Amino acid sequence: MFGAMQDTAARMPMIAGNWKMNKTTVEAVTLSQQISFESDKAWEAVEVVICPPFTDLKSVFNVLTFDHSSIKLGAQDVYWEPDGAYTGAISVSMLKELTCEYCIVGHSERREYFGETDETVNKKVKALLAQGLHPIMCCGEDLDVRDAGDTLAFIGEQVRLGWKGVGEEDIAKSVIAYEPIWAIGTGRAATPEQAQEACAHIRGVVADFAGADAASKMRILYGGSMNTGNAELFLPQPDVDGGLIGGASLDAKAFSTLVEMALKAK
Ligand code: PGA
């Protein structure tokens, strides 16, 4: 296990909303307008990202552009090939055209239901970075792994494989989300100590292959049933740089409160 690296000053906190397969276009416009309405100048001290489904990206982009919002746009997945006969797939350029700056990669739901592997995660990470987008790479263990006491080794391996062959500068600009599978959408969040332990370990693993400088700059988020009732325990943890929020990101008030909490925590 690695100790916490406390160079938090260099890292802007991040609150990212993962809408998953929720919100039709009309609903997405309403929700993004509500979130934008709640935001103010102070939010610029937190990197706020919303990741709607592909079909909502354009309309959410329109809302954020119209409002001159500092909120950034992210996607939930991408395919690594630049173009071609890949029915149903979306390329990095397509995301870039809609000003997506971030893209979630390797979410446990994609690993479980869509056959995502550490190898495909790595291809996506590289394809995104090649065009200047920032990956938010997810890692996390299931309950069997945790109960066996293998959590840190398991997530360490996911991180090593996911970032294989990626340069230090690109790593410094990227994000990892630690999301224990048993905590996602269950209402049973990890304890703040578990989140800190895992995030500190991830930072240590990154330092090991990319150097202490890149590791101290990379943002590491906690995700898994983070909400307005428990975020104040997670956000001040030294290696937790924010949250990847599922359920609570679908409610403008809750999501905005989480951003405010992130502002206060650091
Ligand atoms: P949750 O989802 O906040 O609903 O647990 C988090 C995630 O899967 O990113």
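A polar contact is a pair of N or O atoms within 3.5 Å; within protein, one must be able to donate a hydrogen and the other to accept it, and residues adjacent in sequence count only if both atoms are side-chain atoms. The model is predicted: local features need pLDDT of at least 70, side-chain atom pairs count only at pLDDT 80 or more, and totals for chains, interfaces and linings use all residues. Residues are numbered from 1 along each chain as its sequence is written, and side-chain values use heavy atoms, with hydrogens and water left out.

**Exercise 1. Find which atoms of Asn18, Gly246 and Gly247 face oxygen atoms of the ligand.**

Step 1. Start with Gly247. A backbone N or O atom there lies 2.8 Å from a ligand oxygen.
Step 2. Take Gly246. One of its polar backbone atoms is 2.9 Å from an oxygen of the ligand.
Step 3. Turn to Asn18. Here a side-chain N or O atom is 3.4 Å from a ligand oxygen.
Step 4. Check the cover. Alone, the ligand exposes 280 Å², and the protein buries 95% of that (Shrake-Rupley method, 1.4 Å probe).

**Exercise 2. State which residues come nearest to the ligand.**

Step 1. There are 13 residues around the ligand (a heavy atom within 4 Å).
Step 2. Of these, Lys20, His107, Glu179, Gly185 and Ser225 come nearest.
Step 3. Look again at Lys20. Its phi is positive, about 55°, although Lys20 is not a glycine.
Step 4. Place Lys20: the loop between β1 and α1 (25-38). Helices (H or I, at least four residues) and strands (E, at least two) are DSSP runs, numbered from the N terminus.

**Exercise 3. Trace the barrel and its β1-β2 pairing.**

Step 1. Follow the order β1-β2-β3-β4-β5-β6-β7-β8: these 8 strands close into a barrel, with parallel pairing (at least two DSSP bridges between two strands).
Step 2. From one strand to the next, the twist averages 25° (axes fitted to C-alpha atoms, angles from 0 to 180 degrees between N-to-C directions).
Step 3. Join β1 (residues 14-18) to β2 (residues 47-51): they run parallel, with 5 bridges.
Step 4. Find Asn18. Opposite it, in β2, stands Cys51.
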